[in-house]
Amino acid sequence: MKFAVALPQSNRVGDTAAIRDVAQAAEELGFWAVSMQDHIVFDGVWLGCGAEDDEGRNDRRTVFEQLTTFGYVAGITSTIRLLTSVMLLPVRETILAAKQIATLDQLSGGRMLLGIGVGLSGTDRDPQVLKTLSRNATVEMAALGVDVTKRGRLADEQLAALRRIWTDDSASYDGKLVRFKEIEVFPKPAQAGGPPILIAGNSPAALRRTPRGGYWWLPNHATPDEVAGGLAALAESGHRPPECVLDLFWRMDNTTAAARAACRGTLENAFGDHLPVRNLVGTPDEIAARCREYRDAGVSMIEMKPVFRSVKELIEMMETLMTEVAPTV
């Protein structure tokens with residue numbers, strides 16, 4: 001089992017020193033990757049960093065831009081991988097995104113991992129546990145000129161177009177939503193053909209999209225049974241993802257009650273009784289047991305968005321994970 005940890009890029013705890021300290025600690029401790037999420041416009045609520053009562057001093061609406069920040073992280077680390085989890089691909093212009101990702105892959109020495117998602121729809125089709133985020137999704141999509149009804153089709157064309165740009169000396173693509181002809185975009189990524197692509201989501205659409213390009217799968221807040229079921233569905237379609245990377249929230253304490261208490265507020269309100277079922281919340285022994293359940297279900301890496309009050313507390317959690325939990329998984 002490999003582990004990734006999300007960098008403190010948002011909320012009150014998001015600042016340059018925090019990003020630097022956590023990235024370098026993750027590399028020293030042996031994490032496989034650090035990750036960042038992707039919001040251009042503040043989504044109004046939880047952004048995956050800190051806690052309701054964290055000690056950060058920044059504006060709660062802070063969201064460091066993903067690719068720009070990874071350029072900084074690439075320069076202060078040397079081996080740890082850089083995972084977008086996730087990039088909202090439909091809100092980004094395709095050719096510019098291809099150029100930025102290829103440049104980052106070169107600057108980092110081939111350490112980029114591209115997790116992509118299409119974002120929430122802002123309708124009742126979104127997961128009930130994400131209803132607050134769902135209401136705000138339409139604001140971001142509208143501000144950036146994305147038709148939510150076409151975002152899945154747009155992402156499919158973008159994925160195909162990215163591969164053309166990354167592999168062809170003179171690239172062309174003629175889709176319904178993405179079009180360009182005989183463009184020369186260099187440098188190409190350090191990884192031949194571009195970084196590994198992970199398709200985020202547990203929906204039927206995500207499970208259909210994953211096999212099309214032989215992509216990795218990035219389920220989020222799924223139970224072990226749901227992961228196993230998704231992997232079985234992919235196997236039936238003839239695809240076994242090279243990696244299954246699970247994305248969830250993570251809080252570890254000496255007692256279960258303390259871990260749950262740290263999640264009070266937005267997270268607990270969103271998940272309710274599903275909080276410990278769809279995330280890692282508990283003692284080191286409880287989290288180790290849960291990780292083994294996920295391993296047995298087919299998860300090869302867990303990407304954790306930590307709940308923490310201070311960077312010092314987060315790094316202590318990371319140390320405990322890698323010294324007490326990881327060796328048992």
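These are my notebook entries on one strand, the nonpolar cores and the cysteines of a predicted model.

**Entry 1: strand E4**

I started with strand E4, residues 112-117, and looked up how covered it is. Six of its six residues are buried, so I noted the strand as mostly covered, taking under 20% relative accessible area as buried.

Next I asked which way each residue of E4 points. Met-112, Leu-114 and Ile-116 point one way, while Leu-113, Gly-115 and Gly-117 point the other way. In a regular strand the side chains alternate between the two faces of the sheet. Both sets in E4 are buried.

**Entry 2: the partners of E4**

I then looked up the strands that pair with E4. Strand E3, residues 81-88, is joined to E4 by five bridges, and the two run parallel. I picked out one bridge here: Leu-83 has Leu-113 in E4 as its partner. To get from E3 to E4 the chain passes through helix H3, residues 94-107, and this β-α-β crossover is right-handed.

Strand E7, residues 197-200, also pairs with E4 in the parallel sense, over three bridges. In this pairing I found Ile-116 opposite Ile-199 of E7.

**Entry 3: nonpolar cores**

I looked up the largest nonpolar core and got 76 residues. Phe-3, Phe-31, Val-227, Trp-250 and Met-318 have the most contacts inside it. Helix H11, residues 311-325, gives the most to this core, with eight residues. There is a second, separate core of 16 residues, with Ala-4, Val-91, Leu-198 and Val-245 among them. I add the general remark that in soluble globular proteins nonpolar side chains tend to be buried together.

I took Val-227 for a closer look and asked what it is in contact with, leaving aside neighbours within four places in sequence. I listed Trp-217, Pro-219, Ala-222, Cys-244, Leu-246, Tyr-294, Ala-297 and Val-299.

**Entry 4: cysteines**

How many disulfides does the structure hold? I found zero. I checked two cysteines individually.

Cys-263 is in no disulfide, and the nearest cysteine sulfur, in Cys-49, is 14 Å away. Cys-263 is buried, at a relative accessible area of 1%.

Why is Cys-291 without a bond to Cys-244? The closest cysteine sulfur to that of Cys-291 is in Cys-244, and I read the distance as 13 Å. A disulfide needs the two sulfur atoms within 2.5 Å, so this pair is too far apart for a bond. I also looked up whether Cys-291 is buried or exposed. Cys-291 counts as buried, at 0% relative accessibility.

Methods
Residues numbered from 1 in each chain as written. Predicted model: local features only at pLDDT ≥ 70, side-chain atom pairs only at ≥ 80, totals over all residues. Heavy atoms only, no water. Buried < 20%, exposed > 50% of the residue type's maximum accessible area, 1.4 Å probe, protein only. Helix = DSSP H or I, 4+ residues; strand = E, 2+ residues; numbered from the N terminus. Pairing = 2+ DSSP bridges. Right-handed = clockwise from strand over helix to strand, strands pointing away. Core = buried A, V, L, I, M, F, W, Y, C linked by side-chain atoms within 4.5 Å. Contact = heavy atoms within 4.5 Å.
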